[in-house]
Amino acid sequence: SGTTRPMRILHYVQRSAKCGDVLSVISAIDSFCSKVEWAMNVGDKKGEILDAVVLETRPRYVLELGTYCGYSTMRIARLLPPGARLITIEMNSHYAQVAKELFQHAGLDAQDKSAEKRPAGPTCKVELLLGSSSVLIPQLKKKLDIDKFDLVFIDHWKVSYLPDTRLLEECGLLKSGSVLLADNVTCPGAPDYLEYVRNSPRYRSQYFPSQLEYLQVEDGVEKSVFLG
Ligand SMILES: O=C(NC/C=C/[C@H]1O[C@@H](Sc2ccncc2)[C@H](O)[C@@H]1O)c1cc([N+](=O)[O-])cc(O)c1O
Ligand SMILES: [Mg+2]
């Protein structure tokens, strides 16, 4: 009945990162996970690729599958202009709670969309949805009044990458030019997803080699542009 790894990350951040400073929260997580305890954040090396893709895409509507502690949520949110919306889906309520507390420490304007009492309309940049992507993706248009996503960051269960991508297509949530960015396509790997986006005429796919977070192990992210 001790603490969990996400709780230990949260406590370290609360002790050592500057309140309201999202960059100091991000670097505190990286420092904890590289020196004290590994955790499955996208990390600083692949995080720089994520940053570059966000800046290049200039997305207004972003979807993230797999919040975990919210590390990549914060990396993305800090680069979005006001008015942009970042929807992140997490099915583990403990991880979601830790992420929310990290967003608060970072001073990120975030809202738990699954809360009952919430102000009408998108008053904040980060909207955390509690539930499974396969259940929530078909509800996004109706629930959140979002038509298409400009950028999707995929970092949840590796076996869910492909089915959820197919679901995004079927739900009409991608437009010509929408960018999918998938973490871990080398380690742990998402072979069926890779095979799909690299061979489908509906995507132009590009691999960005890097390393697994905090380790000297090969990994990489795959950027796939939906062609409509
Ligand atoms: O397994 C990995 N990631 C799975 C991530 C899973 C995250 O997404 C939801 S599942 C969900 C959320 C929403 N909808 C459906 C399911 C989990 O609660 C967790 O927050 C992983 C593993 C390694 N590694 O080295 O072993 C490295 C990485 O970078 C990884 O991302
Ligand atoms: Mg990952």
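1. Salt bridges first. This is a predicted model, and a search through the whole of it turns up 15 salt bridges. As background, side chains of opposite charge can pair when their charged atoms come close. A few of the pairs are worth a look one by one.

2. Start with Arg5 and Glu37, whose side chains meet in a salt bridge at 3.0 Å, N to O. Arg5 sits in helix H1 (residues 5-16), while Glu37 is in the loop between helix H2 (22-35) and helix H3 (43-57), so this pair ties together parts that are 32 residues apart in sequence. Are the two partners buried or exposed? Arg5 counts as partly exposed, with 33% relative accessibility. Glu37, on the other hand, is buried, its relative accessible area being 14%, and the cut-off for buried is under 20%.

3. Next, have a look at Lys175 and Asp150. Their closest N and O atoms are 2.8 Å apart, and they form a salt bridge. Here too the pair links distant parts of the chain: Lys175 belongs to strand S6 (residues 174-182) and Asp150 to strand S5 (residues 149-154), 25 residues apart. Lys175 is partly exposed at 33% relative accessibility, whereas Asp150 is buried with a relative accessible area of 12%.

4. While you are in strand S5, check Leu151, which is found there. Leu151 is buried, and its relative accessible area is 0%. Between the C-alpha atoms of Leu151 and Gly177 the separation is 9.1 Å, with these positions 26 residues apart along the chain counted as their spacing.

5. Asp155 deserves a point of its own. This residue forms a salt bridge with Lys158, with 3.2 Å between the closest N and O atoms. At 13% relative accessibility Asp155 counts as buried. Elsewhere, salt bridges that share partners join Lys46, Asp183, Glu213 and Asp219 into one network.

6. Now the metal. Which residues act as protein donors of the magnesium ion (ligand 2)? They are Asp155 (OD), Asp183 (OD) and Asn184 (OD1), and they lie 2.0 to 2.2 Å from the ion. Written as a sequence pattern, the donor residues are spaced D-x27-D-N. Asp183 and Asn184 are both buried, and Asp155 counts as buried as well. So two of the residues met above turn up again here: Asp155, with its salt bridge to Lys158, and Asp183, a member of the salt-bridge network.

7. On to the pocket. The largest pocket has a volume of about 500 Å³. Of the 32 residues lining it, those closest to its centre are Met40, Gly66, Asp155, His156 and Trp157. Asp155 is thus on this list as well as among the magnesium donors. Helix H4 (71-77), strand S2 (85-90) and helix H6 (133-136) are the elements that give two or more residues to the lining. Sorted by class, the lining holds 13 nonpolar, 13 polar and six charged residues.

8. Last, the overall picture. The chain has ten helices and eight strands. What radius of gyration would a compact globule of 228 residues have? It would be near 17 Å, and the chain has 17 Å, which agrees. Along its principal axes the C-alpha trace spans about 50 × 45 × 35 Å. Buried residues account for 53% of the 228 residues in the chain.

Note on methods. Residues numbered from 1 in each chain as written. Chains lettered and ligands numbered in written order. Predicted model: local features only at pLDDT ≥ 70, side-chain atom pairs only at ≥ 80, totals over all residues. Heavy atoms only, no water. Donors = N, O, S within 2.8 Å, 3.2 Å for Na, K, Ca; no water. Buried < 20%, exposed > 50% of the residue type's maximum accessible area, 1.4 Å probe, protein only. 1 Å grid on protein atoms, 1.4 Å probe; cavity = no way out; pocket = protein on both sides within 12 Å on 5 of 7 lines; lining within 4 Å. Points joined across faces, edges and corners; volume = space filled by probe spheres on them. Helix = DSSP H or I, 4+ residues; strand = E, 2+ residues; numbered from the N terminus. Nonpolar A, V, L, I, M, F, W, Y, C, P; charged D, E, K, R; others polar. Salt bridge = Lys/Arg side-chain N within 4 Å of Asp/Glu carboxyl O. Rg over C-alpha atoms; globule rule 2.2 N^0.38 Å.
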